[in-house]
Amino acid sequence: MALSFAACGGQKAGESVELSGAGATFPLPFYNMSFEGYDVATGNKVSYGGIGSGGGVRNLKDEIVDFAGSDAFLTDEEMKDMKPVVHIPTCMGAVVLAYNLPDVVKLNLSGDVIADIYAGKITKWNDARLVELNPEVKLPAKDIIVAYRSDGSGTTFIFTDYLSKVSENWKNTYGAGKTVDFPVGQAAKGNPGVAGIIAQTPYSFGYIGSEYAFAQKIPYASVMNKRGELITPSTESISAAAGDIPQDTRCSITDADAEGAYPISCFTWLLVYQEQHYGDRSMNQAKATVELMQYMLSDSVQQKTATVHYAPLPKKAVELSLQNLKTVTYDGQPILK
(Lines give C-alpha, C1' and ligand atoms only; values in the text may rest on other atoms or scores of the structure.)
Protein backbone atom coordinates (compact mmCIF):
# COMPACT_ATOMS: atom_id res chain seq x y z
CA MET A 1 0.00 0.00 0.00
CA ALA A 2 1.72 3.17 -1.16
CA LEU A 3 1.29 6.25 1.00
CA SER A 4 0.17 9.36 -0.86
CA PHE A 5 0.70 12.52 1.17
CA ALA A 6 -1.14 14.54 -1.46
CA ALA A 7 -4.27 12.50 -0.79
CA CYS A 8 -4.50 13.86 2.71
CA GLY A 9 -3.20 17.35 2.14
CA GLY A 10 0.43 16.78 3.13
CA GLN A 11 2.22 19.89 4.31
CA LYS A 12 4.49 21.82 2.00
CA ALA A 13 8.03 22.80 2.91
CA GLY A 14 8.05 25.50 5.55
CA GLU A 15 4.55 24.61 6.78
CA SER A 16 5.48 21.98 9.34
CA VAL A 17 3.01 21.11 12.07
CA GLU A 18 3.65 19.93 15.61
CA LEU A 19 1.42 17.13 16.88
CA SER A 20 1.15 15.84 20.43
CA GLY A 21 -0.05 12.52 21.75
CA ALA A 22 0.09 10.55 24.97
CA GLY A 23 -0.77 7.12 26.27
CA ALA A 24 0.38 3.53 26.07
CA THR A 25 3.96 2.60 26.95
CA PHE A 26 3.54 -0.87 25.42
CA PRO A 27 4.22 0.31 21.81
CA LEU A 28 6.64 3.11 22.79
CA PRO A 29 9.74 1.75 20.97
CA PHE A 30 7.70 1.28 17.77
CA TYR A 31 6.11 4.71 18.10
CA ASN A 32 9.41 6.49 18.73
CA MET A 33 10.86 4.91 15.58
CA SER A 34 7.75 5.65 13.49
CA PHE A 35 7.28 9.23 14.64
CA GLU A 36 10.92 9.99 13.78
CA GLY A 37 10.30 8.54 10.31
CA TYR A 38 7.16 10.65 9.92
CA ASP A 39 9.17 13.78 10.79
CA VAL A 40 11.76 12.92 8.12
CA ALA A 41 9.05 12.19 5.53
CA THR A 42 6.88 15.26 6.17
CA GLY A 43 8.69 17.76 8.38
CA ASN A 44 5.89 17.40 10.93
CA LYS A 45 7.08 16.72 14.47
CA VAL A 46 5.29 14.43 16.91
CA SER A 47 5.77 14.54 20.68
CA TYR A 48 4.42 11.53 22.57
CA GLY A 49 4.28 10.96 26.31
CA GLY A 50 4.26 7.37 27.53
CA ILE A 51 1.94 7.90 30.50
CA GLY A 52 -0.16 4.75 30.20
CA SER A 53 -3.32 4.10 28.20
CA GLY A 54 -5.60 5.50 30.91
CA GLY A 55 -3.71 8.80 31.02
CA GLY A 56 -3.71 9.07 27.23
CA VAL A 57 -7.48 8.60 27.03
CA ARG A 58 -7.98 11.23 29.75
CA ASN A 59 -5.83 13.69 27.81
CA LEU A 60 -7.86 13.09 24.64
CA LYS A 61 -11.07 13.47 26.61
CA ASP A 62 -9.77 16.79 27.95
CA GLU A 63 -8.92 17.78 24.34
CA ILE A 64 -5.28 18.60 25.12
CA VAL A 65 -3.69 16.15 22.64
CA ASP A 66 -4.13 15.40 18.95
CA PHE A 67 -4.34 11.65 19.58
CA ALA A 68 -4.13 9.08 22.35
CA GLY A 69 -2.35 5.73 22.40
CA SER A 70 -4.19 2.85 24.04
CA ASP A 71 -3.73 -0.91 24.28
CA ALA A 72 -7.37 -1.17 25.36
CA PHE A 73 -10.14 -0.14 22.97
CA LEU A 74 -12.77 2.18 24.40
CA THR A 75 -15.82 0.39 25.74
CA ASP A 76 -19.34 1.42 24.72
CA GLU A 77 -19.70 3.14 28.10
CA GLU A 78 -16.47 5.08 27.63
CA MET A 79 -17.52 6.06 24.11
CA LYS A 80 -20.75 7.56 25.50
CA ASP A 81 -18.71 9.98 27.62
CA MET A 82 -16.71 11.32 24.66
CA LYS A 83 -17.24 12.80 21.25
CA PRO A 84 -17.13 10.13 18.50
CA VAL A 85 -13.69 8.47 18.41
CA VAL A 86 -12.02 6.53 15.58
CA HIS A 87 -9.72 3.64 16.54
CA ILE A 88 -6.66 3.12 14.32
CA PRO A 89 -4.71 -0.06 15.14
CA THR A 90 -0.97 0.41 14.57
CA CYS A 91 0.62 -2.98 15.24
CA MET A 92 0.18 -6.23 17.12
CA GLY A 93 2.07 -7.23 20.22
CA ALA A 94 1.97 -9.48 23.22
CA VAL A 95 1.96 -9.35 26.97
CA VAL A 96 4.58 -11.78 28.22
CA LEU A 97 5.13 -13.33 31.61
CA ALA A 98 8.69 -12.37 32.45
CA TYR A 99 10.62 -13.94 35.30
CA ASN A 100 13.93 -13.78 37.13
CA LEU A 101 14.88 -17.31 38.14
CA PRO A 102 18.60 -18.00 38.46
CA ASP A 103 19.62 -21.06 36.39
CA VAL A 104 16.12 -21.48 34.87
CA VAL A 105 16.18 -20.85 31.12
CA LYS A 106 12.76 -22.22 30.14
CA LEU A 107 9.43 -21.93 31.95
CA ASN A 108 5.99 -23.23 30.97
CA LEU A 109 2.76 -21.73 32.30
CA SER A 110 -0.98 -22.18 31.90
CA GLY A 111 -3.71 -19.57 32.27
CA ASP A 112 -5.18 -20.98 35.48
CA VAL A 113 -1.74 -21.12 37.11
CA ILE A 114 -0.95 -17.51 36.12
CA ALA A 115 -4.31 -16.38 37.53
CA ASP A 116 -3.70 -18.18 40.82
CA ILE A 117 -0.21 -16.69 41.16
CA TYR A 118 -1.71 -13.21 40.83
CA ALA A 119 -4.58 -14.15 43.16
CA GLY A 120 -2.05 -15.15 45.82
CA LYS A 121 -3.09 -18.82 45.74
CA ILE A 122 0.25 -20.02 44.36
CA THR A 123 3.08 -18.45 46.33
CA LYS A 124 6.14 -20.69 45.85
CA TRP A 125 8.11 -21.39 42.69
CA ASN A 126 8.14 -25.11 43.49
CA ASP A 127 4.35 -25.34 43.85
CA ALA A 128 3.12 -28.73 42.62
CA ARG A 129 1.19 -27.20 39.70
CA LEU A 130 4.26 -25.35 38.43
CA VAL A 131 6.37 -28.51 38.83
CA GLU A 132 3.82 -30.48 36.79
CA LEU A 133 4.06 -27.98 33.93
CA ASN A 134 7.88 -28.01 34.11
CA PRO A 135 8.96 -31.63 34.75
CA GLU A 136 12.48 -31.08 33.43
CA VAL A 137 13.16 -27.91 35.42
CA LYS A 138 14.42 -27.71 39.00
CA LEU A 139 12.26 -24.95 40.45
CA PRO A 140 13.49 -23.31 43.68
CA ALA A 141 11.64 -23.39 47.01
CA LYS A 142 11.44 -19.59 46.99
CA ASP A 143 8.58 -17.12 47.31
CA ILE A 144 7.26 -15.72 44.01
CA ILE A 145 7.75 -11.94 44.03
CA VAL A 146 4.88 -10.64 41.89
CA ALA A 147 5.03 -7.31 40.03
CA TYR A 148 2.17 -5.38 38.43
CA ARG A 149 1.37 -1.96 36.96
CA SER A 150 0.52 0.91 39.30
CA ASP A 151 -0.83 3.20 36.55
CA GLY A 152 -3.97 2.91 34.43
CA SER A 153 -2.69 0.62 31.74
CA GLY A 154 -3.81 -1.06 28.55
CA THR A 155 -1.23 -3.75 29.27
CA THR A 156 -3.08 -4.46 32.52
CA PHE A 157 -6.37 -4.53 30.62
CA ILE A 158 -5.05 -7.09 28.11
CA PHE A 159 -3.56 -9.22 30.87
CA THR A 160 -6.64 -9.18 33.10
CA ASP A 161 -8.94 -9.67 30.09
CA TYR A 162 -6.99 -12.87 29.44
CA LEU A 163 -7.15 -13.93 33.10
CA SER A 164 -10.91 -13.35 33.12
CA LYS A 165 -11.28 -15.73 30.17
CA VAL A 166 -9.19 -18.55 31.64
CA SER A 167 -10.18 -18.31 35.33
CA GLU A 168 -13.73 -18.03 36.65
CA ASN A 169 -12.32 -17.10 40.06
CA TRP A 170 -10.37 -14.20 38.56
CA LYS A 171 -13.34 -13.06 36.48
CA ASN A 172 -15.72 -13.07 39.45
CA THR A 173 -13.29 -11.68 42.06
CA TYR A 174 -11.11 -9.14 40.25
CA GLY A 175 -12.30 -8.81 36.64
CA ALA A 176 -10.66 -6.99 33.75
CA GLY A 177 -9.70 -3.33 33.55
CA LYS A 178 -6.94 -0.79 33.06
CA THR A 179 -6.60 -0.79 36.84
CA VAL A 180 -7.32 -3.81 39.04
CA ASP A 181 -7.00 -4.34 42.79
CA PHE A 182 -4.25 -6.95 42.70
CA PRO A 183 -4.22 -8.77 46.05
CA VAL A 184 -0.46 -9.44 46.06
CA GLY A 185 2.71 -8.00 44.62
CA GLN A 186 4.78 -4.89 44.05
CA ALA A 187 3.52 -2.03 41.90
CA ALA A 188 5.60 -0.14 39.34
CA LYS A 189 4.81 2.56 36.79
CA GLY A 190 4.77 1.68 33.11
CA ASN A 191 6.12 -1.33 31.29
CA PRO A 192 9.67 -0.05 31.94
CA GLY A 193 8.98 0.03 35.69
CA VAL A 194 7.74 -3.56 35.89
CA ALA A 195 10.56 -4.71 33.60
CA GLY A 196 13.01 -2.96 35.93
CA ILE A 197 11.71 -4.80 39.00
CA ILE A 198 12.02 -8.15 37.25
CA ALA A 199 15.48 -7.45 35.88
CA GLN A 200 16.79 -6.45 39.30
CA THR A 201 14.92 -8.81 41.64
CA PRO A 202 15.70 -12.56 41.85
CA TYR A 203 12.59 -14.82 41.98
CA SER A 204 10.34 -12.08 40.62
CA PHE A 205 7.53 -12.52 38.09
CA GLY A 206 5.43 -10.03 36.15
CA TYR A 207 3.51 -9.14 33.01
CA ILE A 208 5.11 -6.72 30.53
CA GLY A 209 5.00 -5.80 26.87
CA SER A 210 7.10 -8.25 24.90
CA GLU A 211 9.50 -5.55 23.66
CA TYR A 212 10.73 -4.85 27.20
CA ALA A 213 11.54 -8.51 27.83
CA PHE A 214 13.34 -8.73 24.48
CA ALA A 215 15.26 -5.46 24.87
CA GLN A 216 16.43 -6.16 28.43
CA LYS A 217 17.00 -9.87 27.75
CA ILE A 218 14.64 -10.86 30.55
CA PRO A 219 13.47 -14.49 30.25
CA TYR A 220 9.78 -14.99 29.49
CA ALA A 221 7.52 -18.02 29.67
CA SER A 222 5.76 -20.14 27.10
CA VAL A 223 2.02 -20.15 27.77
CA MET A 224 -0.51 -22.88 27.02
CA ASN A 225 -3.12 -21.67 24.55
CA LYS A 226 -6.78 -22.62 24.15
CA ARG A 227 -5.80 -25.67 22.07
CA GLY A 228 -3.42 -26.98 24.71
CA GLU A 229 -0.28 -25.95 22.83
CA LEU A 230 2.64 -24.42 24.76
CA ILE A 231 3.42 -21.29 22.74
CA THR A 232 6.39 -18.95 22.94
CA PRO A 233 5.59 -15.33 21.98
CA SER A 234 6.98 -14.43 18.56
CA THR A 235 5.96 -12.43 15.50
CA GLU A 236 4.41 -15.57 14.03
CA SER A 237 2.52 -16.71 17.14
CA ILE A 238 1.20 -13.18 17.77
CA SER A 239 0.00 -12.84 14.17
CA ALA A 240 -1.74 -16.23 14.44
CA ALA A 241 -4.07 -14.76 17.10
CA ALA A 242 -5.57 -12.03 14.86
CA GLY A 243 -8.91 -13.71 14.05
CA ASP A 244 -11.96 -11.79 12.82
CA ILE A 245 -11.82 -8.00 12.98
CA PRO A 246 -14.99 -5.85 13.16
CA GLN A 247 -15.48 -2.67 11.12
CA ASP A 248 -14.50 -0.37 14.01
CA THR A 249 -11.47 -2.64 14.80
CA ARG A 250 -12.42 -2.79 18.50
CA CYS A 251 -11.75 -6.40 19.47
CA SER A 252 -9.98 -8.57 22.01
CA ILE A 253 -7.81 -11.39 20.66
CA THR A 254 -6.69 -12.87 23.98
CA ASP A 255 -7.20 -16.62 24.45
CA ALA A 256 -7.63 -17.04 20.69
CA ASP A 257 -8.80 -20.44 19.47
CA ALA A 258 -6.28 -20.74 16.65
CA GLU A 259 -3.43 -23.12 15.96
CA GLY A 260 -0.08 -21.71 17.02
CA ALA A 261 -1.60 -18.58 18.58
CA TYR A 262 0.11 -17.00 21.57
CA PRO A 263 -2.80 -16.50 24.00
CA ILE A 264 -1.97 -13.03 25.38
CA SER A 265 -1.74 -11.19 22.06
CA CYS A 266 -3.29 -7.83 21.26
CA PHE A 267 -3.71 -4.90 18.96
CA THR A 268 -2.69 -1.43 20.09
CA TRP A 269 -4.50 1.66 18.81
CA LEU A 270 -4.14 5.36 18.19
CA LEU A 271 -7.40 7.15 19.00
CA VAL A 272 -8.52 10.33 17.25
CA TYR A 273 -11.71 12.36 17.33
CA GLN A 274 -13.87 11.85 14.27
CA GLU A 275 -14.52 15.62 14.15
CA GLN A 276 -11.10 17.24 14.19
CA HIS A 277 -12.15 20.85 14.78
CA TYR A 278 -12.07 21.10 18.55
CA GLY A 279 -10.34 23.54 20.85
CA ASP A 280 -8.20 25.86 18.72
CA ARG A 281 -6.96 23.16 16.33
CA SER A 282 -6.33 24.29 12.76
CA MET A 283 -7.14 22.51 9.51
CA ASN A 284 -3.39 21.91 9.08
CA GLN A 285 -3.26 20.09 12.42
CA ALA A 286 -6.24 17.98 11.44
CA LYS A 287 -4.70 17.08 8.07
CA ALA A 288 -1.37 16.23 9.70
CA THR A 289 -3.12 14.00 12.24
CA VAL A 290 -4.86 12.02 9.50
CA GLU A 291 -1.62 11.91 7.53
CA LEU A 292 0.14 10.43 10.56
CA MET A 293 -2.51 7.71 10.83
CA GLN A 294 -2.04 6.87 7.13
CA TYR A 295 1.72 6.79 7.62
CA MET A 296 1.39 4.29 10.51
CA LEU A 297 -0.70 2.02 8.25
CA SER A 298 1.70 2.20 5.29
CA ASP A 299 3.66 -0.81 4.08
CA SER A 300 6.96 0.91 4.79
CA VAL A 301 6.11 1.30 8.49
CA GLN A 302 4.34 -2.03 8.93
CA GLN A 303 7.37 -3.83 7.49
CA LYS A 304 9.51 -2.37 10.29
CA THR A 305 7.39 -3.70 13.17
CA ALA A 306 9.47 -6.86 13.59
CA THR A 307 12.69 -4.86 13.93
CA VAL A 308 11.44 -3.67 17.33
CA HIS A 309 9.75 -6.96 18.27
CA TYR A 310 6.13 -6.28 17.27
CA ALA A 311 4.00 -7.93 14.58
CA PRO A 312 2.52 -6.17 11.54
CA LEU A 313 -1.21 -5.63 11.18
CA PRO A 314 -3.16 -8.13 9.12
CA LYS A 315 -4.27 -6.78 5.74
CA LYS A 316 -7.92 -6.65 6.89
CA ALA A 317 -7.08 -4.33 9.80
CA VAL A 318 -5.28 -1.93 7.44
CA GLU A 319 -8.15 -1.93 4.94
CA LEU A 320 -10.79 -1.27 7.62
CA SER A 321 -8.70 1.50 9.18
CA LEU A 322 -8.22 3.29 5.87
CA GLN A 323 -11.99 3.14 5.37
CA ASN A 324 -12.57 4.52 8.87
CA LEU A 325 -10.15 7.40 8.27
CA LYS A 326 -12.44 8.57 5.46
CA THR A 327 -15.07 9.34 8.12
CA VAL A 328 -12.77 11.85 9.89
CA THR A 329 -13.91 15.44 9.29
CA TYR A 330 -13.05 19.08 9.88
CA ASP A 331 -16.12 21.28 10.28
CA GLY A 332 -18.17 18.32 9.07
CA GLN A 333 -16.23 17.95 5.79
CA PRO A 334 -14.17 14.78 5.15
CA ILE A 335 -10.44 15.45 5.33
CA LEU A 336 -9.67 12.62 2.90
CA LYS A 337 -11.24 13.30 -0.48
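**Figure 1. Phe73 and Phe157 are both buried in this predicted model.** Here the two rings meet as an aromatic pair, and the arrangement is edge-to-face. Their centres sit 6.3 Å apart, with 75 degrees between the planes. Where in the chain do Phe73 and Phe157 lie? Phe73 is in the loop between β3 (67-70) and α3 (76-80), while Phe157 belongs to helix α6 (residues 154-166). The two parts are 84 residues apart in sequence, so this pair ties together bits of the chain that are well separated when you read along it. If you go hunting through the whole structure, a search turns up 24 aromatic pairs.

**Figure 2. Tyr118 and Phe159 make another edge-to-face pair.** The ring centres are 5.0 Å apart and the planes stand at 70 degrees, so the pair gets the edge-to-face label. Tyr118 sits in helix α4 (residues 111-118) and Phe159 in helix α6, so to speak a link between distant parts of the chain, 41 residues apart. Buried or exposed, what is Tyr118? Tyr118 has 0% relative accessibility, so it counts as buried. Phe159 has a relative accessible area of 0% too, and is likewise buried. Zoom out a little and you'll find both rings in one aromatic cluster, alongside Trp125, Tyr148, Trp170, Tyr174, Phe182, Phe205 and Tyr207.

**Figure 3. Cys91 and Cys266 do not form a disulfide.** How many disulfides does the structure hold? The count is 0. Why is there no bond at Cys91? The closest cysteine sulfur to that of Cys91 is the one in Cys266, and at 7.8 Å it is too far away for a bond. A disulfide would need the two sulfur atoms within 2.5 Å. Look from the other end and the story holds: Cys266 is in no disulfide, and its nearest cysteine sulfur is that of Cys91, 7.8 Å away. Both residues are tucked out of reach of the probe by the usual cut-off, under 20%: Cys91 is buried with a relative accessible area of 0%, and Cys266 is buried with 4%.

**Figure 4. Cys266 turns up again beside the largest cavity.** How many cavities of 30 Å³ or more are there? The count comes to 1. The largest cavity has a volume of about 80 Å³. Its lining is made of 14 residues, and those nearest the centre are Asp71, Ile158, Cys251, Ser252 and Cys266. Two elements, α6 and β11 (265-273), each give two or more residues to this lining. The largest share, 4 residues, comes from β11. Sorted by class, the lining has 9 nonpolar, 3 polar and 2 charged residues.

**Figure 5. Helix α8 (residues 190-200) has a set of buried residues.** They are Gly190, Asn191, Val194, Ala195, Gly196, Ile197 and Ile198. What do the buried residues of α8 pack against? Their partners are β4 (85-99), β6 (145-149), α6, β7 (186-188), β8 (204-209) and α9 (210-215). As you trace the positions, keep one rule in mind: an α-helix has 3.6 residues a turn, so residues three or four places apart point the same way.

**Figure 6. Tyr203 and Asp255 each have a positive phi without being a glycine.** For Tyr203 the angle is about 70 degrees, and for Asp255 it is about 55 degrees. Both are loop residues: Tyr203 is found between α8 and β8, and Asp255 between α10 (235-239) and β11. Tyr203 counts as partly exposed because its relative accessibility is 22%. Asp255, with 13% relative accessibility, counts as buried.

**Figure 7. Ile231 sits in strand β10 (residues 230-231).** Buried or exposed, what is Ile231? At 11% relative accessibility, Ile231 counts as buried. Which residues does Ile231 contact, leaving aside neighbours within four places in sequence? They are Ser222, Val223, Asn225, Ser237, Gly260, Ala261 and Tyr262. To get a feel for distance in this view, find Ala221: its C-alpha atom is 8.7 Å from that of Ile231, and the two residues are 10 residues apart along the chain.

How values were computed:
Residues are numbered from 1 along each chain as its sequence is written. This is a predicted model: local features need pLDDT of at least 70, side-chain atom pairs count only at pLDDT 80 or more; totals for chains, interfaces and linings use all residues. Side-chain values use heavy atoms; hydrogens and water are left out. Buried means under 20% relative accessible area, exposed over 50%, partly exposed in between (1.4 Å probe, protein chains only). Rings of Phe, Tyr and Trp (its six-membered ring) pair if their centres lie within 6.5 Å; planes under 30 degrees apart count as stacked, over 60 as edge-to-face and the rest as tilted. Contact means heavy atoms within 4.5 Å. On a 1 Å grid over the protein atoms alone, a cavity is a set of points where a 1.4 Å probe fits but cannot get out, and a pocket is an open set with protein on both sides within 12 Å along at least five of seven lines; lining residues have an atom within 4 Å of a point. Grid points are joined across faces, edges and corners, and a volume is the space filled by probe spheres set on the points. Ala, Val, Leu, Ile, Met, Phe, Trp, Tyr, Cys and Pro count as nonpolar, Asp, Glu, Lys and Arg as charged, and the others, Gly among them, as polar.
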